[in-house]
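User: I should like to understand how the terms used for a structure are justified. Could you take me through them one at a time?
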Amino acid sequence: MNYVIIGNSAAAVGTISGIREIDSTGKITVISDEKYHTYSRPLISYWLEGKVSDKNIYYRPADFYEKNGVETILGKKVMKIDTAKKCVVLDDGLSVPYDKLMVATGSKPFVPPMNGLEKTNYHTFMSYDSVKAIRSELREGMKVLIIGAGLIGLKAAEALSAYKTDITVVDMADRILPSILDERAGLKMQKHIESKGVKFILKTSAEEFSEHKAKLKNGEEVDFDMLIVAVGVRPNTELVADAGGKVERGIITDMTLKTSLDDIYAAGDCTVSYDASSDTEKILALLPNAYMQGEVAGRNMAGREFYYVNAIPMNAIGFFGLHIISAGSYDGEEYVTETENTYKKLVFRDNTLKGYILMGDVARAGIYTSMIKERIDLGDVDIEMLKDKPQMMMFGKERREEKLGGIIK
Amino acid sequence: MAVNYNNPLFEVIRNPDRCIKCRVCERQCANEVHKYDADLDKMIANEQGCVDCQRCVCLCPTNALKIRPNENQFRPNGNWSMQLMDEVYKQAGSGGVLLSAMGNPQNYPVYWDKILLNASQVTNPPIDPLREPMETKTFLGKKSQKISYDKDGKAHFEKTPYLELDVPIMFSAMSFGSISKNAHESLARAATALGTYYNTGEGGLHRDFYQYGKNTIVQVASGRFGVFKGYLDAGAAVEIKMGQGAKPGIGGHLPGMKVNEEISRTRMIPMGADAISPAPHHDIYSIEDLRQLVNSLKEATGGEKPIIVKIAAVHNVAAIASGIARSGADIIAIDGFRGGTGAAPTRIRDNVGIPIELALASVDSRLRDEGIRNDVSIVAAGSMRSAADVVKAIALGADAVYIATSALMAMGCHLCRSCNTGKCNWGIATQRADLVKRLNPDIAAERLINLVTAWNHEIKEIMGGMGINSIEALRGNRLMLRGVGLNQKELDILGIMHAGE
Amino acid sequence: MKKVYVNEDWCLACHLCEYYCAAANSGKDLIKAFKYSDKKPVPRIKVEEGSEVNFAVQCRHCEGKPCVKGCIAGALSIVDGVVVCDENKCVGCYTCVLSCPFGCIVIDEEGHRIQKCDLCTKNHNGEPACVQGCPNKAIVFEER
């Protein structure tokens, strides 16, 4: 069997692992337009901050490809999937044949059209190369303007603050981190980040850029030495779309992670996933999701039949020492408690836990996550204990024995 | 606040260089002696409740604790000991009878410690138990004496019920109620593994333990708690409890607060009701009455199970034993005044009864003199502290011994003698669920097995040294014993010569 | 594979397992670890106390291994079935805390990265310290 994987990040590594569980001899080729050994994309902000060394940014040990019998074609871009000839065509004209193909192309930074943006030397914050470029231009005391107060923008802000820079973050939304936090939690986090010297200008966007200045729609003007655009990302779906595969907001797959095209699978940020917590289809651009999709797809590519289910949105992240873990969806009956340093919201619907936000004290959050994924009926748990803190005590003896005595499915 | 006349009996000594404030002492003390004070960030102690059970000392992971007798002194007085004064204060405060637990702790002579054993030299050489067979198997019951021959000349022996012991040691009666279910399970499992017997005491047999029936002696006491046909059938022998060494002449009292659902079901009494065992059996006022009960129990069990009659060692024990031997009982158990109890009035425990050594010797002699020694086996009880005590007891005339205090100690008991409080920190003498679970039968049964196995090894070694290779040959072999520091009367009663003779 | 299991019937909530675990993984004895360290070491086993039952929970080294699959830094890996953490690689994002269905990934005493039970394979304890230290055999190390 001849496997080809387009992409070299978490979904690709998951795919390799999935294939090798079943098929230890088939040929695996990884093709990526980035020239690096597989590295961890979420670590780029830690690298920029100086918390992760050049050596530790790699997602897997140096001998990973060798140990798994993987050939790599790095620094070359796949231009086309030829489904008739069952091969992919590279930017240098070379074609690589496949029996089973994995499209793990991830996403690219979304840069919306903005007046005068072309006059600036703006950066995105998405790849090892992008942070290397930022690093090479960074000087202490620089004025940095970040467009976007989401996860990427704020991770960038945290990393850059290590260089004593003067940071301003602008976002159209009325609060920060709207994708993972509610209003109260967002405000709490905003205050925390502000206390570290980062300025926010919300509910507005850039009207026009000149080389070192942004004019905002609310009339304010912000000078900058460095501009970072972190508005969002868009999945890389073109290869599959051009080959005639079904694509909506992302690549559409079935539960086995196969696309609508024969022998072609997709996993990771480029795909649409089914969110079990809200019963909706959405892009779950999360590293754990990418890896696990890749793993399931890999097993299926090697001839088995596994299904990828129970995916939910979830995030663990921290800014300037304040940690957040959140998961699930937030439509339902709420239970909220708050102290000076912590925030907790639990959301219940259909007699199950549907979502939660923990800030400050995140200990044992995974117990809540598993309750959402497994849709555990609240009739089977002690609600007061559930509200108090994540704990195994809230489950009945039987479920506890099943869980602690053995295996999680 | 009223003046507290009673001083704490003990002091908690905490080594601050070793204490890591893990609070295990606090969590493990049912008497609430230890406490973590968050304001001081320090462990503190309220010693008033300390009974010196040593649970905290044993559990402390850094050996930071010592419990010592309180150094505080009343003005020394040869007549009025501190303990006596303390008891006066207690009773002046409570107006009640003083209660105690476990065996008589007073400083009476321990005859075991005044008896020495013999060993072979040159002639009749010693036996090495590691190389040669050494029999510790013992049979309890009436020794068959009637032999008849059929017309073919084949011999027929009178069939009598008996108990077969792989070791000459049994666990004596402790009721479910006085000790916990886990303690019972530990004893039952250990007896089964050792090939010996444990005794239900007067509290009935928990339904979970019928499976250990062939290693169980079921007791019938004056309260008749938990006694029914199924119970009698479940055991290997039935014991009629006439008395107990720790409290001769009085009955028992399990307070209603200990009578939880399990105990209520096992004892067949209402939950929360006091379980009172009367001092006498109300149907026994003579040996003839006793004989009726013995016969009733034999009839109820089809004559297949030996009947044991247990009495406390009291002044005229020999005459009583003689009567019991004639009542049809198969085994007499004699319980000396140092035997334990879950609760007894202090004055009774500390002043009534006689030492097992003297009682045993006089019973054995009396039955021999009367030619009825083979009609019964004798089981000695009431503080067998070591294998040496067991060997001496057998040489004085016992067929086997009962142990209980040392068995409790194997399970963790440190003889704090507070069983009556129901707050046993070792999970033995308590019914509080959180305390009971401290005794894991997997651990306790193994420790019991270890103890008895170790004693049995020692018994073999001592016997080997004497040139004796079976319990049978040791029984009543008083020539193997010599007294030291005993007067002639004591030597006469014990039936032994003085050392050097 | 031999794993650590806890029998609720025998757990006394004495918390000794937590202390033995923390000390064993700090490489110090109990007294040094808890009396003479700037920060008290954090145990990788957690005792939950209830009104009737108590039990300790630690990494199940479960089949699904969501912590390993979700680790953004490649710090968690599987060595002979045991999930181990390379503390040098962990960046303290706590994605594993989010993923662990048993709540068994703990945050270290500095609050910067995670630590987790590795069945005492990385210290020189031999049998897991929690198992050795349990006074009531509530914690066992066995094949099931």
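Analyst: This is a predicted model. The domain assignment divides chain A into domain 1 (2-107 + 234-301), domain 2 (117-229) and domain 3 (321-404).

User: What separates the centres of domain 1 of chain A and domain 2 of chain A?

Analyst: Taken over C-alpha atoms, the centres of domain 1 of chain A and domain 2 of chain A are 30 Å apart.

User: What makes residues of domain 1 of chain A count as being in contact with residues of domain 2 of chain A?

Analyst: The C-beta atoms of two residues must lie within 7 Å. By that criterion, 10 residues of domain 1 of chain A are in contact with 10 residues of domain 2 of chain A. On the domain 1 side, 6 residues are nonpolar, 2 polar and 2 charged.

User: How is the crossing of α1(A) and α8(A) described, left-handed or right-handed?

Analyst: Two packed helices are described by the angle between their axes and the distance between the axes. For helix α1 (residues 10-22) of chain A and helix α8 (residues 287-301) of chain A, the axes come within 6 Å and cross at roughly 35°. The crossing of α1(A) and α8(A) is right-handed, because the near helix is turned clockwise from the far one.

User: Which classes of residue form the contact of α1(A) with α8(A)?

Analyst: The residues of this contact include Ala10(A) and Val13(A) in α1(A), and Leu287(A) and Ala290(A) in α8(A). By class, 14 are nonpolar, 7 polar and 3 charged.

User: Which residues have the most contacts inside the largest nonpolar core?

Analyst: They are Ile334(B) and Val401(B), in a core of 328 residues. Helix α14 (residues 441-466) of chain B gives the largest share of this core, 10 residues.

Methods: Residues are numbered from 1 along each chain as its sequence is written. Chains are lettered from A and ligands numbered from 1 in the order in which they are written. This is a predicted model: local features need pLDDT of at least 70, side-chain atom pairs count only at pLDDT 80 or more; totals for chains, interfaces and linings use all residues. Domain bounds come from an automatic or database domain assignment. Ala, Val, Leu, Ile, Met, Phe, Trp, Tyr, Cys and Pro count as nonpolar, Asp, Glu, Lys and Arg as charged, and the others, Gly among them, as polar. A nonpolar core is a set of buried Ala, Val, Leu, Ile, Met, Phe, Trp, Tyr and Cys residues joined through C-beta atoms within 7 Å. A residue is buried if 20 or more other C-beta atoms lie within 10 Å of its own, exposed if 12 or fewer, and partly exposed in between; C-beta atoms are placed from the backbone. Helices (H or I, at least four residues) and strands (E, at least two) are DSSP runs, numbered from the N terminus. Axes are lines fitted to C-alpha atoms, for helices over the stretch in contact, and angles run from 0 to 180 degrees between N-to-C directions.
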